[in-house]
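Reader: I am new to this structure and would like a close look at a single part. Please pick one helix, and follow what surrounds it outward from there.

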Amino acid sequence: MSKLRWITQFAFLAIANLGLFKILETGIPCPFFYCYACPAAAFACPIGVFQTYASGAFQNYAILQQVPFYAIGVVGLFGLALGRFWCGWACPFGLVQDLVSLIRGRRARDMIRLPRVAWTKFVVLLALLIVAWAAAETLFCKICPAGSLFAAIPQRLVSTEFSFGTFFYVHLATLAVVLVLFVLVGRFWCRFLCPMGAVLGLFNPLSILKVRVDFSKCSHCEDCLSVCPAKIEKLEDILDCTDCTRCGKCVESCGADAIKISASLRR
Amino acid sequence: MKSHSLLIIRLVLLLAFTAIVAGFVVSQYEDVRSLVTVLCLSCIGIG
């Protein structure tokens, strides 16, 4: 399963960059964290879209047009279908974190062990929307480390005619900080900071695709919890918690074959 | 949560999100697309 996940992560990185062909620059919000300022971006970052609307960029429109209903609907459909599966299997920034974590070795534990904290990413989401509204600016975009990696640095490489100002160096600084954190703590961004993870996490209890535990087979060895990158602490939490990215490491680790990723409308 | 309530909630949300997308795609798609096609210079610290 881990090989399949690497393949899908690289495939979605390629799909996110289909905007290289100008005809494929779409107005579809993507279900993961990828900057639309990337020279090759094919989709719109939902967090960027939500901020743009909150900043009042469309305030000369009719009131109904000032709310990002279309983006909310698209993200809602993505979330309802797969929840945070997108984080574990598709997100290019998740892929970066997984690649950086290879420095620690495939099975190595986090260098700094942090407990699960579910609420921080919701604070980030709320704060960035309030700041965008109050400042009438997409301020989070100016410090976003994904924007640094996927947009600011590539734009610097391909756009030699531009001069780069203060926020370019702010981007580099935030990227450097989070890269160090990724080395120390696996999936640090997903676990504590990702506003897109917060949005998709809300759908985890309702998503059609879930990690499901068959407690009649479970031996309660807790091998699954020991390998969980989201640091979920109770078996019961796997099903509905906002942190599970459906990465499947628990499925692989289960000797009793009690855990499966499956789709169901009823369960 | 009981299975039939989950089923109903999912179907209601599915219909609601589909209706929202259908209702606003025509008026908002191009605005969202403009964010992809027009480079936000200040976002990435250009200039």
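Author: What follows starts at one helix of chain A and works outward to its neighbours, the nonpolar cores, the other chain and a few loops. The model is predicted.

The helix is α5, residues 92-101 of chain A. Seven of its ten residues are buried, so α5(A) is largely enclosed by the rest of the structure. The buried residues are P92(A), F93(A), G94(A), V96(A), Q97(A), D98(A) and S101(A). What lies over these buried residues includes five other helices of chain A, namely α1 (2-16), α4 (85-89), α8 (145-158), α9 (166-184) and α10 (188-193).

Take α9(A) from that list. Two packed helices are described by the angle between their axes and the distance between the axes. For α5(A) and α9(A) the angle is about 60° and the axes are 8 Å apart. That angle makes α5(A) oblique to α9(A), and the crossing is right-handed. On the α5(A) side the residues that meet the partner are Q97(A), V100(A) and S101(A); on the α9(A) side they are L179(A), F182(A) and V183(A). Sorted by class, this contact has four nonpolar residues, two polar ones and no charged ones. Two of the residues named here, Q97(A) and S101(A), are also on the list of buried residues of α5(A). An α-helix has 3.6 residues a turn, so residues three or four places apart point the same way.

Helix α9(A) also packs against α8(A), another of the helices that cover α5(A). Here the axes come within 9 Å and cross at roughly 130°. That makes α8(A) oblique to α9(A), and this crossing is left-handed. From α8(A) the contact uses P145(A), G147(A), S148(A), L149(A), A152(A) and R156(A). From α9(A) it uses F168(A), H171(A), L172(A), T174(A), L175(A) and V178(A). These residues divide into seven nonpolar, four polar and one charged.

The next topic is the nonpolar core. In soluble globular proteins, nonpolar side chains tend to be buried together. The largest nonpolar core in this model has 73 residues, and Y34(A), C35(A) and W86(A) touch the most other members. The element that gives the most to this core is α3(A), with nine residues. C35(A) can be followed further: apart from neighbours within four places in sequence, C35(A) is in contact with A41(A), C45(A), C144(A), A146(A), G147(A), F150(A) and A151(A). One of these, G147(A), also takes part in the contact of α8(A) with α9(A). A second, separate core has ten residues, among them C250(A), C254(A), A258(A) and I259(A).

Chain A also touches chain B. Chain B has one helix and zero strands, and its C-alpha atoms fill a box of roughly 55 × 25 × 10 Å along the principal axes. Of its 47 residues, 26% count as buried. The contact between the chains takes 45 residues from chain A and 31 residues from chain B. On the chain A side, the elements that give two or more residues are α2 (46-54), α3 (69-82), α7 (139-143), α8 and α9. Helix α3(A) gives the most to that side, with nine residues. By class, the chain A side has 26 nonpolar, 15 polar and four charged residues. Helices α8(A) and α9(A) thus appear both here and among the elements that cover α5(A).

Some loop residues complete the picture. Q66(A) sits in the loop between α2 and α3 of chain A, and with 15 other C-beta atoms within 10 Å it is partly exposed. Its C-alpha atom is separated by 8.2 Å from that of A54(A), twelve residues apart along the chain. Leaving aside neighbours within four places in sequence, Q66(A) is in contact with Y53(A), F58(A), Q59(A) and Y61(A).

H220(A), in the loop between β1 (209-213) and α12 (223-227) of chain A, has a phi near 55°, a positive value in a residue other than glycine. H220(A) is exposed, with 10 other C-beta atoms within 10 Å. For D257(A), phi is likewise near 55°. D257(A) lies in the loop between α14 (249-253) and β2 (259-263) of chain A, and counts as exposed with 10 C-beta neighbours inside 10 Å.

Key
Residues numbered from 1 in each chain as written. Chains lettered and ligands numbered in written order. Predicted model: local features only at pLDDT ≥ 70, side-chain atom pairs only at ≥ 80, totals over all residues. Buried ≥ 20, exposed ≤ 12 C-beta atoms within 10 Å, placed from the backbone. Helix = DSSP H or I, 4+ residues; strand = E, 2+ residues; numbered from the N terminus. Contact = placed C-beta atoms within 7 Å. Nonpolar A, V, L, I, M, F, W, Y, C, P; charged D, E, K, R; others polar. Core = buried A, V, L, I, M, F, W, Y, C linked by C-beta atoms within 7 Å. Axes fitted to C-alpha atoms, helices over the stretch in contact; angles between N-to-C directions. Parallel < 35°, antiparallel > 145°, perpendicular 65-115°, else oblique. Left-handed = near helix turned anticlockwise from the far one by under 90°.
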